[in-house]
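Student: Let us go through this structure term by term. I will ask what earns each label.

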Amino acid sequence: MTTPLESAEPAVAQAAGSSGSAEDRPAGRSTLRYAASKAGGAVLSIVMVIVGTFFVFRLLPGDPVRNLAQGRRMTPEQLDLERRRLGLDKPLLDQFFDFVGQTLRLDLGTSYEYKRPVLDLIGERIGATLLLTGTGLVIAVSLGIWQGTRAGWRHGSRFDRVSTGVSLLLWSVPTFWLGLLLMMTFGVGIGPIPGVLPFRGIESVDAPDGFGYLLDVASHMVLPCLTLVAVVYAQYLLVMRSSLLEEVSQDYVNVARAKGLRDDEVRRRHAVPNALLPTVTLVFLRIGFIVGGAVTVEYIFTWPGLGQLFYEAIKVPDFTLMQGTFMLITVSVIVMNTLADVVYHVLDPRVRTA
């Protein structure tokens with residue numbers, strides 16, 4: 001004969017099991033809903049970028065046709081014919097709808113200045129930008145995380161004060177000023193310091209083949225890459241340092257120490273993995289900016305990337321080229337920003353339960 005308590009146990013267990021699976025399912029669905037909401041926001045942002053890109057660049061001063069005709073004698077009839085060829089004689093709304101239709105077909109138009117498809121020009125320049133900014137990102141992330149971890153774990157030490165002070169100083173320096181200073185010091189030479197590094201372009205005119213060519217490109221990368229790293233790595237250092245300081249005060253770190261674990265093990269196995277989460281988000285955001293490169297650095301060192309291409313388009317102004325490069329930069333930032341939010345939501349359970 002079963003007692004009421006015994007007969008109730010299977011029902012309680014069944015209810016507990018069903019409630020547990022119900023909790024698991026909403027957790028997965030909440031992640032999908034979160035990702036879908038972020039994707040929807042990204043699509044809306046991209047639509048706003050498309051609209052804003054067209055109208056904002058039309059506010060720039062200058063007539064593209066007259067600027068392209070500089071140095072050539074052209075009659076007013078010839079200028080009007082050139083405007084019709086470029087489609088600049090149409091009403092602004094008609095130009096806008098043409099632009100939207102081309103964008104939906106993944107056609108970014110033809111450059112006014114180069115008379116070539118914008119996608120071809122971007123394809124030729126994006127490799128140089130990825131090489132420079134990608135290398136700079138890897139170095140800046142590695143340096144920032146290492147110094148931030150050591151500074152946060154040894155809070156108040158001389159290393160903490162010196163590394164944080166130097167990084168903040170470099171972060172506050174204008175990029176163009178630092179680039180010019182490095183160029184004059186190590187490229188041109190000042191006083192007893194000889195100019196030993198190239199500072200123009202991506203390769204020498206008489207660059208050798210094979211391994212010698214790689215060394216030549218690497219030597220041209222030193223100054224622009226150093227400029228990027230010096231200005232950017234402070235972000236990773238400060239974020240990592242702040243996150244680690246917050247983790248050090250948590251109970252699980254004290255418990256790990258109470259168990260007799262060495263400080264190196266506590267830092268490597270417990271504190272650092274949790275402190276890396278905000279830094280991972282920042283890295284994803286910076287990956288989005290890689291596509292755009294650094295316009296200032298590429299201009300100063302004549303680096304043939306997307307930043308230099310965008311600057312050349314502004315001078316005309318070349319509307320189609322400006323629109324294409326700017327959209328590529330902004331869309332990559334939006335996509336990586338969305339991906340960073342989703343990754344952070346997946347990696348950190350505290351965000352999912354908030």
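**Labels and their cut-offs**

Student: Why is K38 called partly exposed?

Tutor: K38 has 29% relative accessibility. Buried means under 20% relative accessible area, exposed over 50%, and partly exposed in between, with a 1.4 Å probe and protein chains only. So K38 counts as partly exposed.

Student: What is the basis of the values?

Tutor: This is a predicted model, where local features need pLDDT of at least 70, side-chain atom pairs count only at pLDDT 80 or more, and totals for chains, interfaces and linings use all residues. Residues are numbered from 1 along each chain as its sequence is written, and side-chain values use heavy atoms, with hydrogens and water left out.

Student: What makes K38 and D341 a salt bridge?

Tutor: Their closest N and O atoms are 3.6 Å apart. A salt bridge is a side-chain nitrogen of Lys or Arg within 4 Å of a carboxyl oxygen of Asp or Glu, so the label applies. The pair links distant parts of the chain: K38 sits in helix 1 (residues 4-57) and D341 in helix 13 (residues 319-347), 303 residues apart. Helices (H or I, at least four residues) and strands (E, at least two) are DSSP runs, numbered from the N terminus. D341 is partly exposed too, at 23%.

Student: How many salt bridges are there in the whole structure?

Tutor: The search finds eight. One of them joins E124 and R116, at 2.4 Å from N to O. R116 is partly exposed, with 29% relative accessibility.

Student: What does the salt bridge of D160 with R241 tie together?

Tutor: The closest N and O atoms of D160 and R241 are 2.7 Å apart. D160 lies in helix 6 (residues 158-172) and R241 in helix 8, so the pair ties together parts 81 residues apart in sequence. Both residues are buried.

Student: Why is A230 called buried?

Tutor: Its relative accessible area is 11%, so A230 falls in the buried class. A230 is in helix 8. Its C-alpha lies 9.6 Å from that of V166, and the two are 64 residues apart in sequence.

Student: How do you know that helix 8 is not straight?

Tutor: Helix 8 (residues 211-248) spans only 47 Å between its end C-alpha atoms, whereas a straight helix of 38 residues would span 56 Å. The expected span is 1.5 Å times one less than the number of residues. Helix 8 bends by about 40° at V222, and P224 follows within four residues. The bend at a residue is the angle between axes fitted to the seven residues ending there and the seven starting there.

Student: What is the span of helix 5?

Tutor: Helix 5 (residues 118-153) reaches 49 Å, close to the 52 Å expected for its 36 residues. Helix 5 has a kink of about 35°, centred on R125.

Student: What makes L181 eligible for the nonpolar patch?

Tutor: Patches are made of residues with over 30% relative accessible area and no salt bridge: like charges are joined within 9 Å, nonpolar side chains (Val, Leu, Ile, Met, Phe, Trp, Tyr) within 5 Å. L181 has 31%, so it passes the area cut-off. The patch also includes F176, W177, L180, M184 and I190, with about 560 Å² of accessible area together. Accessible areas come from the Shrake-Rupley method. Helix 7 (residues 175-188) gives the most to the patch, with five residues.

How values were computed: Areas by Shrake-Rupley, 256 points an atom, 1.4 Å probe, with all protein chains shown as cover.
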